[in-house]
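Dear colleague,

I am handing over the structure below for your consideration. Please look through it first; an account of what was found in it follows.

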Amino acid sequence: MITLDDLDFNGKAVFARADLNCPVDKTTLKVQDSPRMAGHAKTVRELSDKGAKVVVLAHQGRKGDYDFLPLAQHAVIFQKHVGRQVKFVPDVCGSVAKNAIKSLKPGEIILLDNVRNLDDEKNYKTIAECENATIVKELSPLCDIFVLDAFSVSHRPQPSVVGFAAKTIVAGREMQAELEALARVSNPKRPLVFVMGGTKPEDSVGILNDFLEKGKADFALTCGVFGNLMAYAKYGKLGAESEKFLAETNAIGHLPKAKELLSKYPGKVMVPGDFAYELGGKRKESSVLPCDGAIMDIGAKTAGAYAEIISGAGTVVINGPAGVYEKDEFALGTKTILGAIENSKAYSLAGGGHTVSAIAKFVHDRKKIGYISLAGKALIAYLSGEELPGVKIVMDARIQ
Ligand code: 3PG
């Protein structure tokens, strides 16, 4: 791969695809700082130091979700990490964005708006299709070098990730660090315990199936919204509020696949057996479904059982928290699991924006976590042996 050491960036218009997708407070819509900001800031600062005119591309959330937001707040947080001005441009590839790019001076940095504002920023089958998308057609003439720093989106065959493949593709410092660390764990010690939580069951279900099919995991501990989907598949009920949530977020569409996972891998896929839900603003626990309120965490018994399995692991991969850990009452599951990982002898790999933030909050000695990736699903897809389109363009890169 070509790295930041290999080229002269002085005076060049350098597009840097970062992943500034951060947790967002659902009530205030305030973007929370995340280690991703500090991670990508290193690359952007170095490019600026080298005299590049830096254009940062990034996304936040997915259209239709509460956390799908403009990147104005991100620019404010990001510039604190970069240590110099990062100007937010409220446009992706129209005349406002183009003029901002053309007026950049060496060392200056701009952050364009959420690339997912564009309807054609979506998954395609081929890189050629991505090359035809609006952002590439409009901005490619203004780009000298494309730095792909976001390993965490490299599993997405999307225009802002792989559409600039005809340019000289450079691995940013974050991408370089991820690939170098992952090369060291290509043959994990067994048993491999996979903790799969978080809020994107639509991704989790496929990835877990892939992992188990290839014999790469010995146990999967399901939790978070994904755990709720698995529990619904197993018990046929959750309670009105949690069932409504699964329906509203379309997670319910993945119920047949969740059921298939349970029948294909009995004894390997663990499903929560007790739950913590919210009633009158307080944590209540129950091992009987349906629950009277929205399920926000795994119950204490499940957390204990999962901790026990983790204590016997050779390798633990964790992707996604066990519950709404941002609220103290619902942090128990995530805290217990992270505590078990911290205290186990297993080599551990952690990924996912929320997981990384939870580690920052709850893990006392971060050195006890083998490797903390800024990626979530990309990490898991990579570990399951998939070829990631973003990694492919970085590895195939030639100086143009
Ligand atoms: C992530 O948070 O894992 C990345 O930013 C990718 O986000 P996506 O799953 O919405 O593509």
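Leaving aside its neighbours within four places in sequence, which residues is L111 in contact with? Before the answer, please note that this is a predicted model.

L111 is found in strand β4, and it counts as buried, at 0% relative accessibility. Once the neighbours within four places are set aside, L111 is in contact with L20, V56, A58, L71, H74, A75, V86, K87, F88 and V89. The C-alpha atoms of L111 and L57 are separated by 6.4 Å, although the two residues stand 54 residues apart along the chain.

Two of the contacts of L111, H74 and A75, lead to helix α2. This helix spans residues 72-82, and its buried residues are H74, A75, I77, F78 and V82. The cover over these buried residues includes α1 (35-49), β2 (53-57), β3 (86-89) and β4 (109-112). After α2 comes G83, which has a positive phi, near 85°.

The next residue to consider is H59, which is found in the loop between β2 and α2. Is H59 buried or exposed? Its relative accessible area is 2%, and because the limit for a buried residue is under 20%, H59 is buried. The side chain of H59 makes polar contacts with two other side chains: that of R17, at 3.2 Å, and that of N21, at 3.5 Å. Beyond its neighbours within four places in sequence, H59 is in contact with R17, D19, L20, N21, L71, N114, V115, R116 and V153.

H59 is also one of the residues around the ligand. The full set is D19, N21, R36, H59, R62, R116, S152, V153, R156 and K200. For three of them, a distance to an oxygen atom of the ligand can be given:

- D19: an N or O atom in the side chain is 2.8 Å from a ligand oxygen atom.
- R36: a polar side-chain atom lies 3.1 Å from a ligand oxygen atom.
- R116: an N or O atom in the side chain is 2.7 Å from a ligand oxygen atom.

On its own, the ligand has 310 Å² of accessible area, and the protein covers 95% of this.

Turning to the overall arrangement, the protein is divided into domain 1 (13-176) and domain 2 (188-383). The centres of domain 1 and domain 2, taken over C-alpha atoms, are separated by 30 Å. Contact between the domains involves 14 residues of domain 1 and 17 residues of domain 2.

In soluble globular proteins, nonpolar side chains tend to be buried together. In the present model, the largest nonpolar core has 113 residues, and F9 and F151 have the most contacts inside it. Helix α9 (residues 224-235) gives the most to this core, with seven residues. Where does this core lie with respect to domain 1 and domain 2? Both domains give residues to the core, so it lies between them.

As for F151, its contacts, leaving aside neighbours within four places in sequence, are M175, E178, L179, L182, S373, A375, A378, L379, Y382, L388 and V391. Apart from the largest core lies another, of 26 residues, with V195, C223, L338 and I341 among them.

Yours sincerely

Definitions and conventions
Residues numbered from 1 in each chain as written. Predicted model: local features only at pLDDT ≥ 70, side-chain atom pairs only at ≥ 80, totals over all residues. Heavy atoms only, no water. Buried < 20%, exposed > 50% of the residue type's maximum accessible area, 1.4 Å probe, protein only. Helix = DSSP H or I, 4+ residues; strand = E, 2+ residues; numbered from the N terminus. Contact = heavy atoms within 4.5 Å. Core = buried A, V, L, I, M, F, W, Y, C linked by side-chain atoms within 4.5 Å. Domains from an automatic or database assignment. Polar contact = N/O pair within 3.5 Å; in protein donor to acceptor, adjacent residues only side chain to side chain. Near = heavy atom within 4 Å. Areas by Shrake-Rupley, 256 points an atom, 1.4 Å probe, with all protein chains shown as cover.
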